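Morning, everyone. I have one structure to show today, and I want to talk about its pockets. Please take a look at the screen.

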Amino acid sequence: MPAFTLHYLFGTDTLHDLENGRIKRAARNYPCAFSLGLQGPDIFFYYLPMYLKEEKIGTMMHDGGANLFFRNLMAYQEKLADEGERELVLAYMAGMLGHYSLDTVFHPYVYAYTDFHPGLKQSKSYYARHFAMESDLDLLYLRKQKGISPREFRQYRTIALSYQEQRGLAKALCSAILRTYQRGFTVPAMMAVIYSMRLGTAALRDRTGFKKWLVQRLEKPFFGCPLVSSLIEGGKVQNPDKLCNQNHVSWRNPWDLTVESKKSAAELYEQAKRRYGRILRLLEVYPKSSRAGRQELWSRIGNLSYHSGL
């Protein structure tokens, strides 16, 4: 759930450097759709009824099927008769490709840093470490790029879609998810998913620091670790140089220990940004591209796991 801010900053940063064209126009006309797309499948983690299901669509989307999902979303977008709806879905898709680009490059480092072990059931303390790291990255990048603290940044305002925008994106997601993962959602249920993220980010905002302090004390008897409070961004990061691997310490992808790197968080960010920029430029010319040109987009996107980048 954290890293909302980092995903937002990453997407808007890359968009700023993009040449003027249909993608930039769509994102400017539908900024909240673009911002929602930047949160990728994470929107499902804010929808509490989803936790009652054995198979969670947010987890399924992170694990695989990315390429087919984007193809199905594009196919839906191209068939829309209304130009405004096409632009709305394009803005969302462009944003979601940003989430995918950052996760597939950055997530392996997050999992390595937090000592994740694939195949094992993770403890509550592991998730607390993971959430805390991503919250700290949010804080650092918000200060670096905007010069403000999380208390001054209202995440929920960036995804304040209108009813019609929510409905249009809900229909697109229902179609693409059904065709990709064979999981059906009603349009009202998907609209509830979208709105839940807005409510969740508003609830996690802590203007004074009291909310984080209170939740830490209330949850300790139940979880034995700062689980929920780790989702609430604080005001100070312990050892930011270590967190961002400024000393270029070697780390390995937990899913494939032969994949080793010494890259820092800043280098991973720039690597992901270059990749995302190339994808957006191919998406920009997609409608007029030849068959080979269109295939280049899908090849560039690949079919990677949001978790492992593999």
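Start with the largest pocket. Its volume is about 1,100 Å³. This is a predicted model, so please keep that in mind throughout. The lining of that pocket counts 39 residues, and the closest to the centre are Phe45, Tyr111, Tyr127, Phe131 and His307.

Which helices each supply at least two residues of this lining? They include α1, at 4-17, and α4, at 57-63. Add α6, at 83-113, and α7, at 124-146.

Now the chemistry of that wall. In the largest pocket, 21 lining residues are nonpolar, ten are polar and eight are charged.

Why look for pockets this way? Rolling a probe the size of a water molecule over the atoms shows where empty space is left.

On to the second largest pocket. Here the space is about 370 Å³. The lining has 20 residues. Nearest the centre lie Arg129, Ala132, Met133, Asp136 and Gln238.

Which helix gives the most to this second lining? That is α7, with six residues. Helix α10, at 210-223, also supplies at least two. And α7 is already on our list for the largest pocket, again with at least two residues. By class, the second lining splits into eight nonpolar, eight polar and four charged residues.

Next, one residue: Arg151. You will find Arg151 in the loop between α7 and α8, the latter at 163-181. Buried or exposed? Neither: Arg151 counts as partly exposed, because its relative accessibility is 34%, and that class runs between 20% and 50%.

What does Arg151 touch, leaving out residues up to four places away in sequence? The answer is Arg205, Asp206, Arg207, Thr208 and Gly209. Take Arg205. It sits 54 residues from Arg151 along the chain, yet their C-alpha atoms are separated by 6.8 Å.

Last, the whole chain. There are 13 helices and two strands. The C-alpha trace spans about 55 × 40 × 40 Å along its principal axes. For 310 residues, a compact globule would have a radius of gyration near 19 Å; the chain has 19 Å, so the two agree.

Buried residues make up 55% of the chain. Among contacts with a separation of 6 or more, 73% join residues 24 or more positions apart. The exposed area is about 14,800 Å², and carbon and sulfur atoms supply 53% of that.

That's it from me. Over to you.

Technical notes
Residues numbered from 1 in each chain as written. Predicted model: local features only at pLDDT ≥ 70, side-chain atom pairs only at ≥ 80, totals over all residues. Heavy atoms only, no water. 1 Å grid on protein atoms, 1.4 Å probe; cavity = no way out; pocket = protein on both sides within 12 Å on 5 of 7 lines; lining within 4 Å. Points joined across faces, edges and corners; volume = space filled by probe spheres on them. Helix = DSSP H or I, 4+ residues; strand = E, 2+ residues; numbered from the N terminus. Nonpolar A, V, L, I, M, F, W, Y, C, P; charged D, E, K, R; others polar. Buried < 20%, exposed > 50% of the residue type's maximum accessible area, 1.4 Å probe, protein only. Contact = heavy atoms within 4.5 Å. Rg over C-alpha atoms; globule rule 2.2 N^0.38 Å. Areas by Shrake-Rupley, 256 points an atom, 1.4 Å probe, with all protein chains shown as cover.
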